[in-house]
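Thanks for coming, everyone. I'd like to walk you through how the pieces of this structure fit together, so please have a look at it on the screen.

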There are 2 protein chains.
Amino acid sequence: MSSTTVGDLTELEQARLDFQQQLLAAGLLIETAVPGLYGRSGEFEDIVDGIDRVVVAAGPGAAATRLRFPPVFPRTSFERTDYIASFPHLTGAVTTFAGTNAEHAELLAARARGEAWDSWLEPADTVLVSAACHPAYARYTGTLRDGGELLDVYGYCFRHEPAVDPARMQAFRMHEFVCLGTADAAEQHRDSWIGRGLDVLDSLGLDATAVPANDPFFGRAGRMLAANQRHENLKTELTVRLYGDLDEGTAVVSCNCHRDHFGDTFGITTADGEVAHSACVGFGMERIALAMLRTHGTAVDTWPTSVRNRMFP
Amino acid sequence: MSSTTVGDLTELEQARLDFQQQLLAAGLLIETAVPGLYGRSGEFEDIVDGIDRVVVAAGPGAAATRLRFPPVFPRTSFERTDYIASFPHLTGAVTTFAGTNAEHAELLAARARGEAWDSWLEPADTVLVSAACHPAYARYTGTLRDGGELLDVYGYCFRHEPAVDPARMQAFRMHEFVCLGTADAAEQHRDSWIGRGLDVLDSLGLDATAVPANDPFFGRAGRMLAANQRHENLKTELTVRLYGDLDEGTAVVSCNCHRDHFGDTFGITTADGEVAHSACVGFGMERIALAMLRTHGTAVDTWPTSVRNRMFP
């Protein structure tokens, strides 16, 4: 189906473009000069906040430590995630100007000539956050308390992937519940959140499916990593069909076993002295909002009463 | 006073360090490897959200268009703000990897040798947001409707300025009310928000003062820009003394006349065909939270009842 073309676009591309244009026309998203980067209207934010109330109500509540991080985090922590090895193409590193008056004058002269001025910048000590949980691990370097840690993390993430599909944004929010502890505890956390995540989506009136998945690892070596991740059943995505049968559906929630990856690279051990395992469930807030707009329509006041009552009690 | 030293630190430096350590010990802020970059506890976020309720209650409500932007915005818009000319040292530009498999292998080999790998990155089309209102202007290129626009913008800002003082963060939130319209309307917006801002701070139990101010323009040429800004009375800051008489106080709210700067660079005109003027009031959410923690103490349940009732109705 998806190879059928309408003009120069496939049906799928046309469906994505139509949805994007519909959201812009409704004023829910605000176009910018960069593909995949949008402003949000107050109404769109209300939808996201309403979804978050439902997510939080299904979450661990006071059993979890709430942590919030800015959209940038230390380069030293970014290094430990190994993200630059697996997803260099999605990375956003930060540069700044740290030169002299004379060098600034050179920068401005180049800019006045219409030339690029980035060569006068140098790496800053921060990188954009790619997954909401990444800035959290550095805090737990050392030995975990008995029973491990349960974290509630919510924040903006950046991934450099320009796209027309409004469900593929360069900047979006992810609400995560993260388990740090034994291998068993981490695996159980991931497994339990497949069902709990489906319940959350069902209560929002979304028809979601749990499917085995893999991350978009970069390049040739990445294809093997992706195959392994699938083979070892480390990632389950909860998908909703935004574009009918034109594609396999859009992942709106992701349930992940990290095994001992972060425990190892951040030097985190359990109370028993083992390298800590971790797992997380991540709710893609913009994607859930888009799935709801696609499912229930762009007029929120016509959404099912039961759904609105949960979101806006 | 501020030149008196305790050990190697001035009294002011010591007071800032003590406050930072107090916030970290209380678990309100979470230390990272980067000076001026902090995680926030759930309790700190509750304080910020409580302050925001008071700010919003004093704001224009439905008279304003609510816009929310991610923490990065298009480089083309950043160029139009002229920020790189005035504040290059605070800028955060984004770079990413867009190379081949072979180039990624080179990057990883350099990284494995402990070398820098930034030279394999290239500029992305985004820049970190420096002031919450900056991403908003591009939307209004063209002719404003009669009466202009009143905007409510809230988001994370980035400024590369590593510091021990917890009130000088590299990433922080700013809630702005922005007027786009005639010179008179803009000036009146700014002027009215000096009093309204002081009222907000007073209702939070803060002892604030309105003072003429200037932005930290870069370099030798910047000193003249700063002097002009002060001379022409374009910036008024509402300051609270976090460190007694050791310094002049910390700006927690900023009321700014931009004159026709953004109207000119973004090509915005009024319904009458004049270049649009703009003005904004920006509430520094983390700074107000810190001023409250400094004024009322770190135990929120002991804060004045009237203040808590406003924040957590």
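Let's begin with strands β3(A) and β4(A), which pair in the antiparallel sense over 3 bridges. If you want to find the spot by residue, look for A:Ile30, whose bridge partner in β4(A) is A:Gly39. One thing to keep in mind as we go: what you see is a predicted model.

Now, what does strand β4 of chain A join on to in chain B? Strand β4, residues 38-41 of chain A, is joined by 2 bridges to strand β5, residues 65-68 of chain B, and the two run antiparallel. Here A:Ser41 stands opposite B:Leu67 in β5(B). As a general reminder, strands of a sheet pair through backbone hydrogen bonds, either parallel or antiparallel.

Carry on from β5(B) and you reach β10, residues 149-158 of chain B, joined to β5(B) by 3 bridges and running parallel to it. B:Thr65 has B:Leu151 as its bridge partner there.

Put those steps together and you get an open sheet of 9 strands, with mixed pairing. Reading across, the order is β3(A)-β4(A)-β5(B)-β10(B)-β11(B)-β16(B)-β14(B)-β13(B)-β12(B). At the edges stand β3 (29-31) of chain A and β12 (208-212) of chain B; each has a single partner strand, so one side of each is left without a neighbour in the sheet. On average, neighbouring strands here are turned by 25° against each other, direction ignored.

There is a helix to point out as well. Helix α6, residues 183-203 of chain B, lies across β10, β11, β12, β13, β14 and β16 of chain B. Its direction runs at about 15° to β16(B).

Let's turn to the other sheet. This one is also open, has 9 strands with mixed pairing, and goes in the order β12(A)-β13(A)-β14(A)-β16(A)-β11(A)-β10(A)-β5(A)-β4(B)-β3(B). Its edge strands are β12 (208-212) of chain A and β3 (29-31) of chain B, each pairing on one side only. Where do the chains meet in it? Strand β5 (residues 65-68) of chain A and strand β4 (residues 38-41) of chain B pair in the antiparallel sense over 2 bridges, and A:Arg68 stands opposite B:Arg40 in β4(B). Helix α2, residues 42-58 of chain B, packs on this sheet, touching β5 of chain A together with β3 and β4 of chain B. The direction of helix α2 makes about 80° with that of β4(B).

One further link between the chains is strand β7. Residues 93-96 of chain A and residues 93-96 of chain B form antiparallel strands joined by 3 bridges, with A:Val94 and B:Val94 as bridge partners.

So much for strands; how many residues are in contact between the chains? 63 residues of chain B are in contact with 63 residues of chain A. The area buried between them is about 5,100 Å², and carbon and sulfur atoms give 63% of it. In chain B, B:Arg66, B:Arg111 and B:Trp117 lose the most area to chain A, together 11% of what that side buries.

B:Arg66 has another role to show you: its side chain meets that of A:Asp46 in a salt bridge, at 2.8 Å from N to O. Across the interface, the rule finds 8 salt bridges, and 24 residue pairs are in polar contact. On the side of chain B that touches chain A, the residues divide into 31 nonpolar, 18 polar and 14 charged.

Notes. Residues are numbered from 1 along each chain as its sequence is written. Chains are lettered from A and ligands numbered from 1 in the order in which they are written. This is a predicted model: local features need pLDDT of at least 70, side-chain atom pairs count only at pLDDT 80 or more; totals for chains, interfaces and linings use all residues. Side-chain values use heavy atoms; hydrogens and water are left out. Contact means heavy atoms within 4.5 Å. Buried area is the accessible area (1.4 Å probe) that two parts lose on being put together, summed over both. A salt bridge is a side-chain nitrogen of Lys or Arg within 4 Å of a carboxyl oxygen of Asp or Glu. A polar contact is a pair of N or O atoms within 3.5 Å; within protein, one must be able to donate a hydrogen and the other to accept it, and residues adjacent in sequence count only if both atoms are side-chain atoms. Ala, Val, Leu, Ile, Met, Phe, Trp, Tyr, Cys and Pro count as nonpolar, Asp, Glu, Lys and Arg as charged, and the others, Gly among them, as polar. Two strands pair if DSSP finds at least two bridges between them. Helices (H or I, at least four residues) and strands (E, at least two) are DSSP runs, numbered from the N terminus. Axes are lines fitted to C-alpha atoms, for helices over the stretch in contact, and angles run from 0 to 180 degrees between N-to-C directions.
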